[in-house]
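User: I've got a model here and I'd like to talk through its side-chain pairings. Can you take my questions one by one?

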Amino acid sequence: MLAGLAAASVVLTGCLASLIPETTESTTREPDTAGVSAELEPFYSQEVSWKQCGARFDCADLTAPLDWDNPGDGNTISLAIVRHQATGQHRGSLLVNPGGPGGSGYDFIAQSLDYAVGPDLIESFDVIGFDPRGVGRSTAVACLDDEQNDEYNYGVIDAPRGTPEWEADITERNQKYADACDANSDGILPYITTVNSAHDMDLIRGVLGDETLNYLGYSYGTFLGATYAKLYPERAQRLVLDGAIDPAVPGLDVGTTQAIGFESALRAYLVDCLSSAKCPFSGSIDEALTDFRALLATVSRSPMPNGDGRMLTVDTMVTGVITAMYSEQSWPYLTQGLNAALQGDPSVMFALADSYNDRGPDGTYLSNSAEAFRAYNCMDYPVEDDQAAEDAAMKKIEAKAPTFAPYWEGPDPCEVWPYPPAGVREEITATGSGPIVVVGTTNDPATPYEWSESLAKQLDNGVLVTRVGEGHTGYNKGNSCVDSAVEDFLLGGTVPKNGLRCE
């Protein structure tokens, strides 16, 4: 199977200073329970006890059914939410999801409010961050301890790449990972699905007293938002989906398309790098690519020792490179890392990979984002077992992403997941919804532009806004055309022209 990387989160890590509960107050807004069944009414009518979390935020825990297909069975989970109240005229709540799956929306808002949304939205909406089920402060997936995570993420495999022994070693590691998740997650794994999370999001909406949903979803958050619109089209009135996932694309095609997207982003990086005196490469773009591939091949043959005792494998190095492809602002850091690696120092490449894995400098993993990422993907994507399709996909990657092709194949970790997938891959039309704005960036490596085009066409009321540029997602990235389109829609319902192109 193709390994690949699913759409990653745009969450920023950092210190969550001042988020210590200080005082408690109860919400004064009446919950919206219209159309709610008798089994669900106690959940939708629950009273929210807000705790002041520092000077700017309130936080609370909500109770949701564990199984939305059987909400009256008595099994529940906790959902952690954080709120920044509108600083001006209140227009309702705006729920925000940063991506993943597995990204903490709680941390995204509490740590990075101004990065998540623009000032006009902060003025007009109660901005709500939430940890989806399985994530962070909500009832969470748990798998490995820090030492075990290091071995899983960074351990050296002695068997030659691509051999049966190499595949067996990876499969054994994946099996141990899956078994640990099952043993340590208190029975929640079968219910960690995007469909259940979309139901949770409607519960949050209702408890907060909003009749319809205002929503801004990034990356994986676009799949969550589109799923919500599929389930609750009449309540999906102002949704913005930025950096879209195509819900109809099978997992095999996801990995293939992303490999090609990261290859395109790498070429764009190298063009920029070659214009700098600090670039470790020289000559033409093709010559730079040849030298870059040679560096990967060297690390593949001889992993590089780091000061903390870890060894930089080629897989870790590829993770570091891909991490830097998410934003042009990270390109200088990648240049620094490549220069250091060529001198035998892998520390910067490790720092990039650690950022992707949410690992702190002291070896502590700062979140469970990787565990939740695995849990959602293994439940959402049907496992594919078509060798001919896999071979065709690999040939496509070798032709269009030759740099990453040697490192993109491996056993699918979901093949050993303890529960069968519940998700389907199909188009979402969300018939009956309001306009849904889809934002796509032309050279987005993680969620390629073609997925935004496809989702906007699938949706009965989809509207495509294009950001011409590099990096992952488009809103609040310094493009005033995109920002105005998004904010005019969320604030006043002004629907941008379908096909709006923002240079």
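User: Which residue does D308 form a salt bridge with?

Analyst: Keep in mind that this is a predicted model. D308 is partly exposed, at a relative accessible area of 43%. Its closest N and O atoms to the partner are 2.8 Å apart, inside the 4 Å cut-off for a salt bridge. The partner is R310.

User: And is R310 buried or exposed?

Analyst: The cut-off for buried is under 20% relative accessible area. R310 comes out at 11%, so it counts as buried.

User: What about D380: which side chain of opposite charge is nearest, and how far away is it?

Analyst: D380 is found in helix α13, residues 369-380. D380 is buried yet has no salt bridge. A salt bridge needs N and O within 4 Å, and the nearest side chain of opposite charge is beyond that: R425, at 6.2 Å.

User: Then which side chain does D380 join in a polar contact?

Analyst: D380 touches several residues beyond its sequence neighbours, among them T193, Y220 and F223. The polar contact with its side chain is 2.5 Å, and the partner is T194.

User: R425 has no salt bridge to D380, then, but which ring does its charged end sit over?

Analyst: R425 is among the residues that D380 touches, and F223 is another. The charged end of R425 lies 5.2 Å from the centre of a ring, and that ring belongs to F223.

User: How many residues apart in sequence are the parts tied together by the Y220 and Y376 pair?

Analyst: Starting with the aromatic pairs, the count comes to 12. One of them is F108 with Y115, edge-to-face at 6.2 Å centre to centre and 85° between the planes. Y220 and Y376 make a tilted pair, 6.0 Å centre to centre with 55° between the planes. Y220 lies in helix α7 and Y376 in helix α13, so the parts tied together are apart in sequence by 156 residues.

User: Is Y376 buried or exposed?

Analyst: Its partner Y220 is buried, with a relative accessible area of 4%. Y376 has 1% relative accessibility, so it counts as buried.

User: Back to charges: which helix do K176 and E172 both lie in?

Analyst: Their side chains meet in a salt bridge of 3.6 Å, N to O. K176 is exposed at 54% relative accessibility, while E172 is partly exposed at 44%. The two are 4 residues apart, about one turn of the helix, and that helix is α5.

Note on methods: Residues numbered from 1 in each chain as written. Predicted model: local features only at pLDDT ≥ 70, side-chain atom pairs only at ≥ 80, totals over all residues. Heavy atoms only, no water. Buried < 20%, exposed > 50% of the residue type's maximum accessible area, 1.4 Å probe, protein only. Lys, Arg positive; Asp, Glu negative; His and termini not counted. Polar contact = N/O pair within 3.5 Å; in protein donor to acceptor, adjacent residues only side chain to side chain. Contact = heavy atoms within 4.5 Å. Phe/Tyr/Trp six-rings, centres within 6.5 Å; stacked < 30°, edge-to-face > 60°. Lys NZ or Arg CZ within 6 Å of the ring centre and 35° of its normal. Lists of a residue's contacts leave out its neighbours within four places in sequence.
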